[in-house]
Amino acid sequence: MGKHRLLAALAALAVPLVLACLRLADAEPVWLRGLEGQSLTLRYRLRGPLEPSGIVTLLMIDDRTLAEHGRWPLSRRLIADAVRRLAADGARVVAIDLLFPEPEAPLPADVAEILDDARGAMTQSADGLAARIGHLLEAADPDGDLASALRSAGVGVLGFAFAFGSDGTGPTGGASPEVLREAAFRVVREPAVPDPRDGDHPASIIAPVPILAGSAALGHVTVRIDADGVLRHDQSAIRFGDAWYPSLPVEAVRRYKDLEADRMTLHVGAGIRFGQDFVATDRRMRLPVNHYGPPGTIETRPLADLLADRIPKGSFSDRIVLIGASAQGVGDSFHTPFGRALPGAEHLATVVDNLLTGRTPADRASLLPADISAILAAGLLGAALGAALTPIAAALGTAALIAAWLAATAVLFTTAGLWLAVTSPVLAASLGFALFSARRSQIGESARRLAERQRRNLMRYFSPAVAERLMNSNKPGLEDRTQPVTILFVDLVGFTGINERLSPAEAMDVLRGFYRQVETAVLDRDGVVDKFLGDGAMAIFGIPEPSPRDAAQALAAARQIARGMDGWNRELAAAGLPPLTVAMGLHLGPVLIGDTGGTRQFTFTIIGDAVNVASRLESITRELGVTIAASDAVIEAAHSAAGSAAVEGFVELPLRTLRGRERPVGIWSWPAPVGTAARHGLLSPPDQTR
């Protein structure tokens, strides 16, 4: 049993240890990460939306913008116009979440020449039209126009993207395009021993055309979603070749803080330092995003309103403005804890706001000790509950433990932004409870089977009532007590004579047949076979608790034994043996019930004058020539409790003095002795004659 307990304890301890090691190594399986992500989604929804800081504004190419300006992709001259207007309105940073990998076609040369000639020939009255033609000529090169706007504004950040292989992996080496060399982190601190698990690597870069790439700062807009399809992180830095590149939000924040590139330091596997401020990431350079709410939570305006002067002056002053696309069928959208269609530009804007306000959830690496402690504690507590309590109580206790942890993590996330592990502690507690509860149930079932087996074994040597008392008592024996009982002595008459003709095995078979007769009759009437005495037996009616019907039950058992002898004698005759008869005596009186014996071996029995009277009554049946001899006390009690039917067939005999006693005893016999009816007649029940 000790070995089994040890194995169960080791199994229960192994679960939280394995889960803790997986968390320590950041190597949880995909399904476990997915469950943890879902728990975070639930915590977001319990917390509800947050109010953004107002530092970031979205300027979106929406359906109305396309309706007013005619096509997608929107001409870059319109983006250039927007950049100029934003810079003039005081925007600190203009970040553009649009990719420009191919040049936009300029106006054909002959068209440009015709327009130029037309402008020169215009009269003074056509100054307005001349100005418009001049604008068209200036925008003959849309890429050049946008590059010029970005350079003159000096506040622009352009996006580029990484492409990964079909399996999510790519080369770790290779040269970055020259146009992106200036976009890489200038200062990088890498660990002495690189972590081989620092994430997958892109296969290629989708970069802006060179004229645009050289006109503004650059930041990647690559988004990596979790295994369950939900966007929960910003990939704040990605390695390509031998360089690391910041995300567009990181670069926008650097420009907003007016930091030189060499004052932003990348700590690989730890985080990013902006001057004196440090923002922690995980080892894969992922920043957990504090989502503020559903689409539209960040202030959003249509680009068409800016181009048409429908936005009040000063609306963008001292802000970061992020230009993106949200028109139907245009741009990208992602599944977040608050919905399934958050525009990619709003995700980037949320990250920018997180970085500027410090409202990013606490880095999970900093919470590693708390997570490990929670996993181990939950596993041990679950196992302790399963081992100490019944399965139902343990299940309720474990459920309460899990509910308390869920509530604590929800409160800590809402109030302090702490993303503590939920899935692993819950799994550890559940499995710890299940293992030990199953073990406890198995032990309980084994104990139950053992107790049942012991009960059955005890009942082979003790009556069921005595066996139950012994099984349920913490004491080594039964306490002595005095109470009235009805005693039945049974003797197998004639067995000694035939015993000489039988082998020991045959003699035992005959006795067993007799014992079965006695046992059946006594137990069927709620009696107790106290002991088998060679070819006789003593039975007791009225233990463990006396009943008014004990005497009637004893008389019924005696008559059942007597009648059962007919069938048994036929079996003996078939075996070539002579018939046997029984003699029985019954008496009711007080006895002492308890254990008797030495100091190590006991016998449960009864002691008292009533036992001697019953034994003498059994002996006198030979002299009287009857099967059953019962005392007055038995007949009176049986008649009082069960009526005349209980004593039917019994006849009263003259008072007799039994051997060893001074006072005579009233005796009733069944059947009547030969000749008794002629001399005395069949007598009425005792309460009618006395």
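Colleague: Let me start with one residue: is Asp318 buried, partly exposed or exposed?

Modeller: Keep in mind that this is a predicted model. The way to read it is by relative accessible area, where buried means under 20% and exposed over 50%. Asp318 has 40%, so it counts as partly exposed. You'll find Asp318 in the loop between helix 10 (303–307) and strand 15 (320–325). Its backbone deserves a look too: phi of Asp318 is near 65 degrees, a positive value in a residue other than glycine.

Colleague: Which value does phi of Asp526 take, and where does Asp526 lie?

Modeller: For Asp526, phi is also near 65 degrees, again positive in a non-glycine residue. Asp526 belongs to the loop between helix 17 (504–524) and strand 19 (528–533). With 59% relative accessibility, Asp526 is classed as exposed.

Colleague: Let's go inside, then. How many residues does the largest nonpolar core have?

Modeller: The general idea comes first. In soluble globular proteins, nonpolar side chains tend to be buried together. Here the largest nonpolar core holds 47 residues, and Leu59, Leu86, Ile96, Tyr245 and Leu303 have the most contacts inside it. Helix 4 (residues 76–88) is the top contributor to this core, giving six residues. A second core, apart from that one, has 44 residues, including Val518, Ala551, Ile561 and Val582.

Colleague: Which residues does Leu59 touch?

Modeller: Leaving out anything up to four places away in sequence, the contacts of Leu59 include Leu86, Pro302, Leu303, Phe316 and Ile323. For the protein as a whole, take contacts between residues at least 6 apart in sequence: 75% of them join residues at least 24 apart. And 48% of the 690 residues count as buried.

Colleague: Now the strands. Why is strand 3 described as largely enclosed by the rest of the structure?

Modeller: Count its buried residues. Seven of the eight residues in strand 3 (residues 156–163) are buried, so the rest of the structure largely encloses this strand.

Colleague: Which way do strand 2 and strand 3 run, parallel or antiparallel?

Modeller: Follow the bridges. Strand 2 (residues 93–96) and strand 3 run parallel, with three bridges joining them. One residue pair to find on screen is Ile96 with its bridge partner Leu158 in strand 3. Ile96 is also one of the residues with the most contacts inside the largest core. Strand 3 pairs in the parallel sense with strand 6 (residues 217–220) as well, over four bridges. There, Phe160 has His220 of strand 6 as its bridge partner. Strand 5 (residues 204–206) is antiparallel to strand 3, and three bridges join the two. In that pairing, Ala161 is matched with Ile206 of strand 5.

Colleague: Which residues line the largest cavity?

Modeller: The lining consists of His291, Tyr292, Gly293, Thr297, Leu342, Glu346 and Thr350. The volume of this cavity is about 40 Å³.

Colleague: What about the peptide bond from Ile543 to Pro544: cis or trans?

Modeller: Omega is what to check. The Ile543 to Pro544 bond is cis, with omega near 10 degrees, and Pro544 sits in the loop between strand 20 (536–541) and helix 18 (550–574). The bond from Trp670 to Pro671 is cis too, with omega near -10 degrees. Pro671 is in the loop between strand 25 (665–670) and helix 21 (676–680).

Colleague: One more: is Thr423 buried or exposed?

Modeller: Its relative accessible area is 11%, so Thr423 is buried. Thr423 is part of helix 14 (residues 423–461). Beyond residues up to four places away in sequence, Thr423 touches Leu32, Leu35, Glu36 and Ser39.

Note on methods. Residues numbered from 1 in each chain as written. Predicted model: local features only at pLDDT ≥ 70, side-chain atom pairs only at ≥ 80, totals over all residues. Heavy atoms only, no water. Core = buried A, V, L, I, M, F, W, Y, C linked by side-chain atoms within 4.5 Å. Buried < 20%, exposed > 50% of the residue type's maximum accessible area, 1.4 Å probe, protein only. Contact = heavy atoms within 4.5 Å. Pairing = 2+ DSSP bridges. 1 Å grid on protein atoms, 1.4 Å probe; cavity = no way out; pocket = protein on both sides within 12 Å on 5 of 7 lines; lining within 4 Å. Points joined across faces, edges and corners; volume = space filled by probe spheres on them.
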